[in-house]
There are 2 protein chains.
Amino acid sequence: MKKTALSETAIFNDTAAKIFVVHESPYFKIINFNFKAGQKLPLHSHATEGQLSILVLSGEGEFLADNGKTMPAKPGDVLVSDIAEPHGVAAKTDMRILVTIAPPI
Amino acid sequence: MKKTALSETAIFNDTAAKIFVVHESPYFKIINFNFKAGQKLPLHSHATEGQLSILVLSGEGEFLADNGKTMPAKPGDVLVSDIAEPHGVAAKTDMRILVTIAPPI
């Protein structure tokens, strides 16, 4: 049993998204990404089984999907995607997300 | 790919915790619990492999652990526990949490 306070990882980086691995086990990987406005997790996918969730903790932006499709991403929004399906996030404001990948890749 | 807005599930119930299943797949199950002050997810465990995370979305309370141990639970706190390890949550204020269970039980 392990507790992590995301209030202590609210650190941003001017040159690239700041990434904190909250947890990694054979069951899932939990990662906190902090984006400055304009930064992104580019559209990508991995040819592996599994799914991931992306929860918006704070700030606003867009979820990125295949074929240039986007969806608004606001605090409390949860996106679930297959790992093999193209997915990404673009930050319009400073933005924090929590990604959970099961099983981890 | 599926988006859920937790802003739309901020519903509380006077008699018991309000539970919304956000997602369920062979990879993980994601559940939003909304507690009124004083409600709880009692200490429990399941004899199965896997882990779960509990993220506090809003409100405050305590994470419950074995032998009466407790830890403060505040917004942005993430608890990771084996599914087989006793775990629970007690709400001191109205409180919302997001639980991710991998693999689902």
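Modeller: Copies are superposed by least squares on the C-alpha atoms of residues that have pLDDT of at least 70 in both. Among the residues of chain B, B:A102 comes closest to the resulting rotation axis, with its C-alpha at 3.3 Å. Keep in mind that this is a predicted model, where local features need pLDDT of at least 70, side-chain atom pairs count only at pLDDT 80 or more, and totals for chains, interfaces and linings use all residues. Residues are numbered from 1 along each chain as its sequence is written, while chains are lettered from A and ligands numbered from 1 in the order in which they are written.

Colleague: How do you know how the two copies are related?

Modeller: Chain B lands on chain A after a rotation of 180 degrees, with 0.0 Å of shift along the axis and an RMSD of 0.0 Å. The copies are thus related as by a two-fold rotation axis. They also use the same surface, as 100% of the contact residues of chain B recur in chain A.

Colleague: What makes a residue part of that contact, by the way?

Modeller: Two residues are in contact if their C-beta atoms, placed from the backbone, lie within 7 Å. Chain B puts in 32 residues and chain A puts in 32 residues. On chain B, the strands β1 (2–5), β2 (18–24), β5 (51–58), β6 (61–65), β8 (77–82) and β10 (95–102) each supply at least two residues of the side that touches chain A. The most come from β8(B), with five residues.

Colleague: What makes a stretch a strand here?

Modeller: Strands are DSSP runs of E with at least two residues, helices are runs of H or I with at least four, and both are numbered from the N terminus. Chain A comes out with zero helices and 10 strands.

Colleague: And which classes of residue does chain B bring to the contact?

Modeller: The side facing chain A has 17 nonpolar, 11 polar and four charged residues. (Nonpolar covers Ala, Val, Leu, Ile, Met, Phe, Trp, Tyr, Cys and Pro; charged covers Asp, Glu, Lys and Arg; the others, Gly among them, are polar.)

Colleague: How do you know which strands pair across the two chains?

Modeller: Two strands pair if DSSP finds at least two bridges between them. Strand β1 (residues 2–5) of chain A meets β8(B) over four bridges, in the antiparallel sense, so by that rule they pair. A:K3, for one, has B:L79 as its bridge partner. Likewise, β8(A) and β1(B) run antiparallel over four bridges, and there A:V78 is partnered by B:T4.

Colleague: What does β8(A) pair with inside its own chain?

Modeller: Within chain A, strand β8 (residues 77–82) pairs with strand β5 (residues 51–58) over five bridges, antiparallel. A:I54 has A:L79 as its partner there.

Colleague: Why are two strands of the chain B sheet called edge strands?

Modeller: The sheet is open and has four strands in the order β4-β9-β6-β7 (chain B), with antiparallel pairing. β4 (40–44) and β7 (70–73) of chain B each have a single partner strand, so one side of each is left without a neighbour in the sheet. In the middle of that order, β6(B) and strand β9 (residues 87–91) of chain B share five antiparallel bridges, with B:F63 opposite B:V89.

Colleague: Why does chain A count as agreeing with a compact globule?

Modeller: The radius of gyration is taken over C-alpha atoms, and the globule rule is 2.2 Å times the number of residues to the power 0.38. For 105 residues a compact globule would come near 13 Å; chain A has 13 Å, so the two agree. Its C-alpha trace spans about 35 × 35 × 25 Å along the principal axes.

Colleague: Is A:N67 buried or exposed, and what makes it so?

Modeller: Buried takes 20 or more other C-beta atoms (placed from the backbone) within 10 Å of the residue's own, exposed takes 12 or fewer, and partly exposed lies in between. A:N67 has 6 C-beta neighbours inside 10 Å, so it counts as exposed. A:N67 sits in the loop between β6 (61–65) and β7 (70–73) of chain A.

Colleague: What makes the phi of A:N67 worth a look?

Modeller: Most residues other than glycine have a negative phi, and most peptide bonds are trans. A:N67 is not a glycine, yet its phi is positive, about 60 degrees. As for peptide bonds, the one from A:A102 to A:P103 is cis, with omega near -10 degrees. A:P103 belongs to the segment after β10 (95–102) of chain A.
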